[in-house]
Amino acid sequence: ADQVREYYLRYALSAEMENARQVKIASGGFMTGTVTELPPSSRVYVQVAALNQWGLSAWSDVVAFDTLKPSVPGKPLPPSLVEATTLGVKLQWPVVPSNGSNLIQYVVKYANNATMAGAQLLKVAPQFPFVPQEVFGQKLLEVCFIAGLRSGEKYWFQVSAHNAQGESGFGQISEPMQTKGERPAKMAKPTVTPQNSFCLYVDWIVPADHGGMEGGLIKSYRLRYSCDRDLTKCVEMKNTWGLATRATLRDLEGGRTYYFQVAAVSDFGVGDWSDPSDGFPMPQVPPIMRPTSSSTETTSIVLNWEPPCDRGASVQGYKIMYAQNRHFSEANQMVINNGESMALKVDNLEPNTTYFFRHCAFNQVGCSAWSAPSEGIATRACPPAAPEPPQLDSSRPFDINIRWQEPEFYRIPVVYYLIRMATFEDMRDCRSVPTAPTVQQQHEFRKTRLKVKGLRPNSTYWFQVCAVNQIGHSDWSTVSHAMRTMPAPPAIGEAPIVTDTESFTMSLKWRAPGDF
């Protein structure tokens, strides 16, 4: 007999084989085959025929069988990693049997912990909606990309399948998969604020480190400075701030201008250095005045001491002496009539100033010798005092010249002044007065005189001034006395218009000018 080359199968939903579909199911000596995409819960009629070189045989007798009722899909196996990026992962998992009902979607659950606490869900459209049982476990794979993950962090995944009959429930949790790590982002330039003339703060903002504004991957920060604007020679500082976003610096040399840069460090490297801070001129302070510690207050310092040996007579109190130098010239003195007291808050001190202290105890017999002087303790710096109100220098119809005195600035010089004016003495509806053409020039305006232009003649104005240093803004001055511009002739009128003419006359009209 001639060898059979192929087998064909046809199937229909009726015994008469109406509208039958014919498919090739095998070739050569194979006599098995699979028909897919049959309707669930249905009776199907099947016939088989063989083909050799002479043609197709007659169809076999009809065989009937019933397909299964549709049910929920099988549970997906744990997904595996295809590829990881800094912001996400590409996953794959074997397709699941659809069990007689087309798959509608997969749901991927993922979290950054093995308990799946706080997990998020992502819906994924299936690439293979209809998967018969016989295909399950073969090499058909579903693939999806999970975006928006944190750089360098581990995640766990589960998958569930859904069809019209319901959901499979989540399969087993995957092994942890880690996104790629990346160096921290470049940080914004730091800001510098002095605590006083001897101590300053350098502050910075946590970078957006591909893990959200919290910067969860940051392990430390590096800080360096240079005394030239071109940053040709930089000195990196020892980390005394840990993970804090503020460094407190006390040992910088006075009389020099400092520029600071900061960089974030993670397990994946060091980020780029930030742009340099604005230059900060460190005040020149005599070495003898340099403190070893600073108060947290601008006008007070808290002292503590241990009680001395009373030599048999109870201590009745203490005397405290303090001055702005170690020689205690022009010193002040306080008395505490309480022998049990061992602390004192000294008030009414000058901001941004170093003080030295010593004390002695007294009892009914007399006073002890003075203690050795304390190390220098500095009060905190503060914004300038409120200036005195501006005064009138001169007045013209359209401008007023004002002047004011430089306020007390407590050793942190005034950087610029702000001026505001109003047409009411209570300063309602006041508006800012520009002190220079550009904002940058306004932030460098240190003069104590200003010509205020663009005013109306024969009008009254009130002014206030505010001083700004590296610590902050002073309070606004009290309101100035009323200042009045000079009257002015009427404004130039518009050209007249000829309305009528006769042989020896003409008629004109015009608008009244502004009379100011």
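Me: Let's say that contact means heavy atoms within 4.5 Å, and keep in mind that this model is predicted. Which residues does Glu-425 touch, if we skip those up to four places away in sequence?

Reply: Start with where Glu-425 is: the loop that runs between strand E31 (416–422) and strand E32 (431–433). Once residues up to four places away in sequence are left out, the ones Glu-425 touches are Trp-462 and Val-479.

Me: Is Glu-425 buried or exposed?

Reply: The cut-off to remember is that exposed means over 50% relative accessible area. Glu-425 comes in at 55% relative accessibility, so it counts as exposed.

Me: How far is Glu-425 from Ala-372, going by C-alpha atoms?

Reply: Along the chain, these two are 53 residues apart. In space, their C-alpha atoms are separated by 56 Å.

Me: Back to E31 and E32. What is the order of the strands in the open sheet they belong to?

Reply: That sheet has 4 strands, and the pairing is antiparallel. In general, strands of a sheet pair through backbone hydrogen bonds, either parallel or antiparallel. Here the order reads E32-E31-E34-E35.

Me: And which strands of that sheet stand at the edges?

Reply: Look for strands with a single partner strand, because one side of each is then left without a neighbour in the sheet. That picks out E32 and strand E35 (483–484).

Me: Which residue in E34 stands opposite Ile-419?

Reply: E31 and E34 pair in the antiparallel sense, over 7 bridges. Follow the pairing across from Ile-419 and you land on Val-465.

Me: There's another open sheet, with 3 strands. What is its order, and by what angle are neighbouring strands turned on average?

Reply: The order is E6-E7-E10, again with antiparallel pairing. Strand E6 (80–84) and strand E10 (141–147) are the edge strands, each pairing on one side only. Ignoring direction, neighbouring strands of this sheet are turned against each other by an average of 25°.

Me: Which residue in E7 faces Leu-81?

Reply: E6 and strand E7 (residues 88–94) run antiparallel and are joined by 4 bridges. Standing opposite Leu-81 is Leu-91.

Me: Which strand gives the most residues to the largest nonpolar core?

Reply: That core has 20 residues, and Leu-200, Trp-204, Leu-223, Leu-252 and Phe-260 touch the most other members. At least two residues each come from strand E15 (199–203), strand E16 (220–226), strand E18 (246–249) and strand E19 (257–266). With 4 residues, the one giving the most is E19.

Me: Why is the ring pair of Tyr-258 and Phe-260 given the label it has, and what is that label?

Reply: The count of aromatic pairs comes to 11. For Tyr-258 and Phe-260, the ring centres are 6.3 Å apart and the planes are at 20°. Planes under 30 degrees apart get one particular label, so this pair is stacked.

Me: Which residues form a cluster through ring pairs?

Reply: We want rings linked to one another by pairing, and three residues fit. They are Trp-204, Tyr-221 and Trp-241.

Me: How far is Arg-246 from the ring centre of Tyr-201?

Reply: There are charges sitting over rings here; one of them is the charged end of Lys-109, over the ring of Phe-170 at 4.5 Å from its centre. Arg-246 lies over the face of Tyr-201, and its distance from the ring centre is 3.9 Å.

Me: Is Ser-300 buried or exposed?

Reply: Ser-300 lies in the loop between strand E22 (293–294) and strand E23 (301–304). Among its contacts beyond four places in sequence are Ser-295, Lys-345 and Thr-379. Its relative accessible area is 4%, and the cut-off is under 20%, so Ser-300 is buried.

Me: What is phi for Asn-348?

Reply: Asn-348 is in the loop between strand E26 (343–346) and strand E27 (354–362), and is exposed at a relative accessible area of 76%. Although Asn-348 is not a glycine, its phi is positive, at about 60°.

Key: Residues are numbered from 1 along each chain as its sequence is written. This is a predicted model: local features need pLDDT of at least 70, side-chain atom pairs count only at pLDDT 80 or more; totals for chains, interfaces and linings use all residues. Side-chain values use heavy atoms; hydrogens and water are left out. Buried means under 20% relative accessible area, exposed over 50%, partly exposed in between (1.4 Å probe, protein chains only). Two strands pair if DSSP finds at least two bridges between them. Rings of Phe, Tyr and Trp (its six-membered ring) pair if their centres lie within 6.5 Å; planes under 30 degrees apart count as stacked, over 60 as edge-to-face and the rest as tilted. A charge sits over a ring if NZ of Lys or CZ of Arg is within 6 Å of the ring centre and within 35 degrees of the ring normal. A nonpolar core is a set of buried Ala, Val, Leu, Ile, Met, Phe, Trp, Tyr and Cys residues joined through side-chain atoms within 4.5 Å. Axes are lines fitted to C-alpha atoms, for helices over the stretch in contact, and angles run from 0 to 180 degrees between N-to-C directions.
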